[in-house]
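User: I am new to this structure and would enjoy a close look at one part of it. Could you pick a single residue, walk me through its surroundings, and then show me how it fits into the whole?

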Amino acid sequence: MALETHFVTAHSHLQTALLRSVSRSFYLSIRFLPAQLREPIALAYLLARTTDTVADTTGVSRSVRIETLKMLSDGIQGKASREVVVDLTGSFVPLQENQSERQLLESSGDCLVWLERIEQADRADIRVVLEKITRGQMLDLQRFDNPHEIRSLSTAADLDEYTYLVAGCVGEFWTRLCFRHVRNFANLSEDEMLALGKRYGMALQLINVLRDAGADLRAGRCYFPEHELAAAHFTAPQILSEPESFQPIYRTWLDKAKAGLECGMQYSRAIENRRVRAATVLPALIGARTLALLDETGAAALQRRVKVSRREVRKMISSLALTCVSRKAVDAMFARSYRK
């Protein structure tokens, strides 16, 4: 009885306070969802944020982070004991400057208990998507193994692989869950929605790459393909020293991100359930506004972080609610995001 009480208390904390503390925009999206979707999506997000926190703990060597990620992945897949995983992630807790990320790592054991108790089909989907996400995170650590030397991805295919592994697969995960749990989910086939969801997720991650480009370069990571830089007689270190000259390449990727968001809008329009449509379209609206700000900021975006204000996000949410998430209203909101 005591163990069951602990689980109920921990489960409630994970779905509310902890989820809200580690995610600004995602928590707002998940509140729209029906209960049967909220639980598996919230758990998958918390597990992904846990692996991401381990990967980003720079106070630990890359080799140790990679090994810890492997063990954490094994724990999620049910191939390693929860106790071993908790001990390993616990060693990362004192190194976290952010209180929410400390609490996240401290809750890794509770997340794994939750995973074992969730519906079997949902558990299988969570394990599939987390295997891909952790593979992308480990690949990132292996590619960029020297923070004092800026390294580039070799080709556009490498960037596509990265954005798929850490986000495109999430679009597929979301789609499978929705077809299983939401009656008459969409007016397109599951295969069509899977393809659109994949491209939507990849676009959202590409926006993160564009937004964080300056910080990533200063940390030795260049996600822009080396062959594109070379074709323009450019090198990765020159991006920070000659930001204006880099703008043609940067804007090419801005356009690709915009095309990916269009897939997200097509995906959202196809959704019949208004609550799920609201949760699905909000990231596209925030993403479109982010691209507009990056476009407006130009080369200066490499020197400072650009992000959508909380006031603007709250306004988007209010508009979605007031218009009952009608397709016409959502399209108008999306178009306005680019015009501001």
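Analyst: Happy to! Let's start with T50, which has a relative accessibility of 2% and therefore counts as buried, since the cut-off for that label is under 20%. Please keep in mind as you look around that this is a predicted model.

Where does T50 sit along the chain? You will find T50 in helix α3, the helix that covers residues 35-55. Within that part of the sequence, the side chain of T50 has a polar atom 2.8 Å from the backbone oxygen of L46. If you zoom in on the side chain of T50, that backbone oxygen of L46 is a good thing to look for.

Now look at partners from elsewhere in the sequence. Leaving aside residues up to four places away, T50 touches L72, L104, L105 and S108. So that you can compare this with the rest of the molecule, here is the wider view.

The chain holds 17 helices and two strands, and α3 with T50 is one of the helices. Of the 340 residues, 54% are buried, and T50 is among them, because its relative accessibility is 2%. Contacts between distant parts of the sequence are plentiful here: taking contacts with a separation of 6 or more, 74% join residues 24 or more positions apart.

What about the overall form? The radius of gyration is 20 Å, which agrees with the value near 20 Å that a compact globule of 340 residues would have. Along its principal axes, the C-alpha trace spans about 65 × 50 × 35 Å. On the outside, the chain exposes about 15500 Å², with carbon and sulfur atoms supplying 51% of that area. The chain also carries 46 positive and 40 negative charges, and the mean positions of these two groups are 8 Å apart.

For a contrast with T50, travel to the loop between α16 (310-322) and α17 (327-339), where C324 is found. V325 has its place in that loop between α16 and α17 too. C324 has a phi near 55°, a positive value in a residue other than glycine, and for V325 phi is likewise near 55° and positive. Are these two loop residues buried or exposed? C324 counts as partly exposed because its relative accessibility is 47%, whereas V325 is buried, with a relative accessible area of 7%.

To return to where we began, T50 is a buried residue in helix α3, with L72, L104, L105 and S108 among the residues it touches.

Note on methods:
Residues are numbered from 1 along each chain as its sequence is written. This is a predicted model: local features need pLDDT of at least 70, side-chain atom pairs count only at pLDDT 80 or more; totals for chains, interfaces and linings use all residues. Side-chain values use heavy atoms; hydrogens and water are left out. Helices (H or I, at least four residues) and strands (E, at least two) are DSSP runs, numbered from the N terminus. The radius of gyration is taken over C-alpha atoms; the globule rule is 2.2 Å times the number of residues to the power 0.38. Buried means under 20% relative accessible area, exposed over 50%, partly exposed in between (1.4 Å probe, protein chains only). Contact means heavy atoms within 4.5 Å. Accessible areas come from the Shrake-Rupley method with a 1.4 Å probe; for residues, only the protein chains shown count as cover. Lys and Arg count as positive and Asp and Glu as negative; His and the chain ends are not counted. The place of a charge is taken as NZ of Lys, CZ of Arg, CG of Asp or CD of Glu. A polar contact is a pair of N or O atoms within 3.5 Å; within protein, one must be able to donate a hydrogen and the other to accept it, and residues adjacent in sequence count only if both atoms are side-chain atoms.
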